[in-house]
Amino acid sequence: MEYRKVLIKYGGNAMINEELKLAIAQKIKSLQDHGSQVILVHGGGPFINKSLEEAGIKTQFFDGHRHTSQEALRCIEKTLKGEVNSSLVNLLNKQGLKAVGLSGKDGQLAIAQKRWHQGKNEKGEATRLDLGQVGDVKVVNSKLPELLLENGFTPVVTCIASDENGNDFNINGDVFAGKIAAALKVDAYIVLTDVDGLYLDFPDPASILKEVKVKEMGSYFGTVIKGGMIPKIESCLAAVDAGVRKAVILNGTRPDQISDYIINHQSIGTTITQ
């Protein structure tokens, strides 16, 4: 199976370790050398936390979701675009790629809409929480990344986007990446995490779910799939439902897994298909 178009969601410890960052950049170059077009989508949680702290902006969380004020968003955008995205572009270019830094705002790549968090109060009643400048992806316009890919460029996209009225929003990186993968109908949507896949019995490597169908995933939520893995898996399911051939959970702290999966066709990680 050939993987002509691959989207990699980059995050976790692989983003804050310089050796791992370099190794992943080299793997992306290797994929391109083997004929794959690669799109890199990233967030930057640890960098955001640090910049907000340095700016003296306190963060409130509701059910684990960060409330984002206008002031916080300005700091987040500056960090994601000016620090994280810029450094990734620089690193990829050093490996011989032609990386282009983007956010959802560029070329109206993504149109956002405000996201309301559905929660419950102390009585167990449904509530709707205002998370400030936190958004979802309403529409993806894939023309710009497709144009770049067709001309040998590597889009590096961070998860900030505006709505039709120009209001800016911070969007969960996993949600954002899944929507981009779906719009581009990539052959493989790779989500880099800090583990080797989905475990039925963590950390027993023999218990990793190798291949799972979309219709089978529901039974694993709350047991196998919990915490930070939930938005990752939800983005994978949405992408596959929208036409992505397969979504894959790989370990970003073991960069060889990227080339082993795409180039060498090894059975590693957890693959989700229709």
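Val-6 stands opposite Ala-188 in strand 11, and this pairing is a convenient place to enter the structure. The model is a predicted one, in which local features need pLDDT of at least 70 and side-chain atom pairs count only at pLDDT 80 or more, while totals for chains, interfaces and linings use all residues. Residues are numbered from 1 along each chain as its sequence is written, and side-chain values use heavy atoms, with hydrogens and water left out. Helices (H or I, at least four residues) and strands (E, at least two) are DSSP runs, numbered from the N terminus.

Strand 1, which covers residues 5-10, is mostly covered, with 6 of its 6 residues buried, where buried means under 20% relative accessible area, exposed means over 50%, and partly exposed lies in between, for a 1.4 Å probe and protein chains only. From this strand Lys-5, Leu-7 and Lys-9 point one way, whereas Val-6, Ile-8 and Tyr-10 point the other way, and all of them are buried. Two strands are said to pair if DSSP finds at least two bridges between them, and strand 1 pairs with strand 2 (residues 37-42) in the parallel sense over 6 bridges. In strand 2, Val-38 is the bridge partner of Val-6. Strand 1, helix 1 (residues 18-33) and strand 2 together make a right-handed β-α-β unit; a crossover is right-handed if, with the strands pointing away from the viewer, the path from the first strand over the helix to the second runs clockwise.

Strand 1 is also joined by 4 bridges to strand 11 (residues 188-193), and these two strands run parallel. Besides the pairing named at the start, Ile-8 has Ile-190 of strand 11 as a bridge partner. Strand 11 is likewise mostly covered, since 6 of its 6 residues are buried. Ala-188, Ile-190 and Leu-192 point one way from strand 11, while Tyr-189, Val-191 and Thr-193 point the other way, and all are buried. The path can be followed further, because strand 11 pairs with strand 13 (residues 247-251) in the parallel sense over 5 bridges, and there Val-248 is the bridge partner of Ile-190.

Helix 3 (residues 70-94) has 25 residues and reaches 35 Å from its first C-alpha to its last, close to the 36 Å expected at 1.5 Å a residue, the expected span being 1.5 Å times one less than the number of residues. The helix has a kink of about 30°, centred on Asn-85, where the bend at a residue is the angle between axes fitted to the seven residues ending there and the seven starting there. Helix 3 is followed by Gly-96, whose phi is positive, near 100°.

The spaces within the model come next. On a 1 Å grid over the protein atoms alone, a cavity is a set of points where a 1.4 Å probe fits but cannot get out, and a pocket is an open set with protein on both sides within 12 Å along at least five of seven lines; lining residues have an atom within 4 Å of a point. Grid points are joined across faces, edges and corners, and a volume is the space filled by probe spheres set on the points. By this rule there is 1 cavity of 30 Å³ or more. The lining of the largest cavity includes Tyr-10, Lys-21, Leu-40 and Leu-88, and the elements that give two or more residues to this lining are helix 1 and helix 3. The largest share, 4 residues, comes from helix 1.

The largest pocket has a volume of about 1300 Å³. Of the 48 residues that line it, Asn-172, Asp-174, Gly-228, Pro-231 and Lys-232 are the closest to its centre. Helix 6 (residues 229-241) gives the most to the lining of this pocket, with 5 residues.

Some details of the backbone remain. Most residues other than glycine have a negative phi, and most peptide bonds are trans. A cis peptide bond, with omega about 5°, joins Phe-202 and Pro-203, and Pro-203 lies in the loop between strand 11 and strand 12 (211-213). Gln-108 has a positive phi of about 50° although it is not a glycine; Gln-108 lies in the loop between strand 5 (99-103) and strand 6 (110-120), and is exposed, with a relative accessible area of 51%. His-265 also is not a glycine, yet has a positive phi of about 55°.
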